[in-house]
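Q: Please take a close look at one part of this model for me, starting from the end of a helix and working outward. I'd like to hear which residues are covered and what touches what.

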Amino acid sequence: MKHTLAICTFILLVIGAHGQDVDRIKHLADSLSDANPAAAATLYVKEAGLRNLKPYIKQAYVNASYMYASIDKLDSAVWCLQQAVYNYRFVNKGFILTDPVMQKMKNNKGYDAVVSYLNQKEIEVKNPEAYTIHTGDIDLFWKAYDAFLKDTAHAEDIFNRYYFNTGSGALQDYYRVKISSTKKFAATVKHIPGYLAGIRANTLAINNIRSTIKTIYSNLHSLYDGAHFPDLYFVVGAFSSGGTSNDYGLVVGADMYAKNKSTNTSELSLWQKNNSAMFANLPYTVAHELVHFQQGGMADDTTLLHAVLVEGMADFIGELISGHTANQRLQIWAKGRERQIWQDFVKEMYLNRAYNWIANSSQETKDKPADLGYWVGYQICKAYYNNSPNKKLAITDMLNIKDYRAFYVKSGVEEYIHRL
């Protein structure tokens with residue numbers, strides 16, 4: 001072990017002398033986690049101090065906490081856990097309370113304080129009046145974009161420095177999951193100047209729809225007693241995602257929902273053209289993502305049926321609370337084609353085939369849209385809701401499905417489709 005620690009110290013010194021390669025530090029820590037957890041913990045703390053993006057800092061502190069706890073250095077373990085929770089929004093209370101290694105800290109006052117803090121956060125997110133709408137990342141993007149227009153040769157550095165590294169934790173986690181490469185992000189931005197010019201004013205006017213969003217949150221509160229009401233962040237992405245959720249709340253890619261009839265879309269791909277929406281439709285996407293945030297009670301599953309219900313439910317309940325589905329184009333295209341879509345779906349519904357129905361933009365053609373799984377799931381949920389005498393209970397059932405096959409059968413959707 002002493003030999004391993006000596007090697008670890010030497011590598012740290014070499015890395016420090018050559019630009020502090022933080023990825024090498026992480027990989028070294030990962031490789032030492034079994035053989036020398038003390039050295040691994042030290043390296044993870046080092047990593048946390050060198051990272052720019054909050055999600056990576058958070059994970060480094062969680063890793064360090066786990067390593068320290070595994071060798072009974074509990075004060076250090078608690079300190080690292082506190083950094084992850086208090087400063088970087090680590091909210092996985094289940095892991096903290098059930099993992100045997102993390103449980104070693106349970107008699108420490110600092111650990112108890114962390115759990116109490118997370119309990120309070122869970123109470124706050126159930127308050128329909130306690131959420132905040134954040135638009136600061138939109139402002140940061142346009143400042144970075146203006147700097148980029150003056151110095152296109154240094155696009156990556158500009159977007160990292162003025163947008164991703166200084167943006168909210170929600171933006172940074174969105175970057176980690178949905179963008180991942182500043183080089184690709186910059187290439188996308190360079191390719192669509194006309195489109196960006198056409199959506200700029202609308203992205204900067206998002207604050208004008210706050211009252212509409214408040215109504216959507218309020219409508220969900222009326223429909224579902226177990227609802228959670230997270231903070232809402234608007235960002236500019238790279239057509240990588242319309243929206244998602246993370247430890248910070250809901251994140252919506254405003255770049256996909258801010259065009260007008262006059263917006264130049266000639267620079268966009270076929271999928272981008274079909275999935276870029278009018279600014280007036282932005283609240284429907286917010287509703288869709290808000291429903292996703294409620295789906296923690298659904299059972300895990302790898303089948304296509306599960307996948308289409310997750311997305312179609314967000315479209316259907318989103319329509320109930322906002323007035324429209326977020327994917328109206330699919331509803332329009334499917335008219336008259338319902339039986340054929342269903343025949344194709346049934347062949348794969350119990351297989352791991354979501355890639356043919358959801359997030360399959362590469363399969364988009366002029367004659368057939370991608371993402372038809374959203375439409376399928378919408379129809380199943382709509383049938384279940386319409387056939388349920390207790391509508392409020394139907395919403396609760398949807399958001400807490402444990403048996404997807406039973407839910408499908410009970411919905412009666414096949415009878416509905418066959419009548420068309």
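**From the end of H10 outward**

A: Right after H10 comes serine 180, with a positive phi near 70°. Keep in mind that this is a predicted model. H10 itself spans residues 169–179 and is mostly covered, with eight of its 11 residues buried. The buried set is Gly169, Ala170, Leu171, Gln172, Asp173, Tyr174, Tyr175 and Ile179.

On to the helices numbered either side of H10. The axes of H9 (residues 155–164) and H11 (residues 182–191) come within 9 Å and cross at roughly 100°. With that crossing angle, H9 is roughly perpendicular to H11. On the H9 side, the residues that meet H11 are Ala155, Glu156, Phe159, Asn160, Tyr163 and Phe164. H11 answers with Thr182, Lys183, Phe185, Ala186, Val189 and Lys190. Sorted by character, the residues of this contact come out as seven nonpolar, two polar and three charged.

Further along the chain, H20 (residues 391–398) is worth a look too. Ala394, Ile395 and Met398 are buried there. These residues span an arc of only 100° around the axis, so they sit on the same side of H20. The general background is that an α-helix has 3.6 residues a turn, so residues three or four places apart point the same way. The buried residues of H20 pack against four helices: H13 (210–223), H16 (304–322), H19 (372–386) and H21 (404–411). At the start of H20, asparagine 390 puts a side-chain oxygen within 3.3 Å of the backbone nitrogen of lysine 392.

One of those packing partners, H13, holds threonine 212. Threonine 212 has 35% relative accessibility, so it counts as partly exposed. If you want a long-range distance to check, the C-alpha atoms of threonine 212 and lysine 410 are 34 Å apart, with the two positions 198 residues apart along the chain.

H19 leads to another asparagine: the loop between H18 (338–348) and H19 contains asparagine 360. Its relative accessibility is 5%, so asparagine 360 counts as buried. The side chain of asparagine 360 reaches the backbone oxygen of asparagine 356 at 2.9 Å. Leaving out residues up to four places away in sequence, asparagine 360 touches Tyr355, Ala370 and Asp371.

Now back toward the start of the chain, where a charged side chain is tucked in. Arginine 51 sits in the loop between H3 (37–50) and H4 (54–70). Arginine 51 has a relative accessible area of 15%, so it is buried. What does its side chain pair with? One polar contact, of 3.1 Å, is to the side chain of aspartate 23, and another, of 3.0 Å, is to the side chain of glutamate 47. Beyond four places in sequence, arginine 51 touches Val22, Asp23, Lys26, Tyr56 and Ile57.

H3 also contains proline 37, which is buried at a relative accessible area of 12%. Proline 37 and isoleucine 71 are 34 residues apart in sequence, yet 7.2 Å apart from C-alpha to C-alpha. With neighbours within four places in sequence set aside, proline 37 is in contact with Leu32, Met67, Ser70 and Ile71.

Note on methods
Residues numbered from 1 in each chain as written. Predicted model: local features only at pLDDT ≥ 70, side-chain atom pairs only at ≥ 80, totals over all residues. Heavy atoms only, no water. Axes fitted to C-alpha atoms, helices over the stretch in contact; angles between N-to-C directions. Helix = DSSP H or I, 4+ residues; strand = E, 2+ residues; numbered from the N terminus. Parallel < 35°, antiparallel > 145°, perpendicular 65-115°, else oblique. Contact = heavy atoms within 4.5 Å. Nonpolar A, V, L, I, M, F, W, Y, C, P; charged D, E, K, R; others polar. Buried < 20%, exposed > 50% of the residue type's maximum accessible area, 1.4 Å probe, protein only. Polar contact = N/O pair within 3.5 Å; in protein donor to acceptor, adjacent residues only side chain to side chain. Arc of directions from axis to C-beta.
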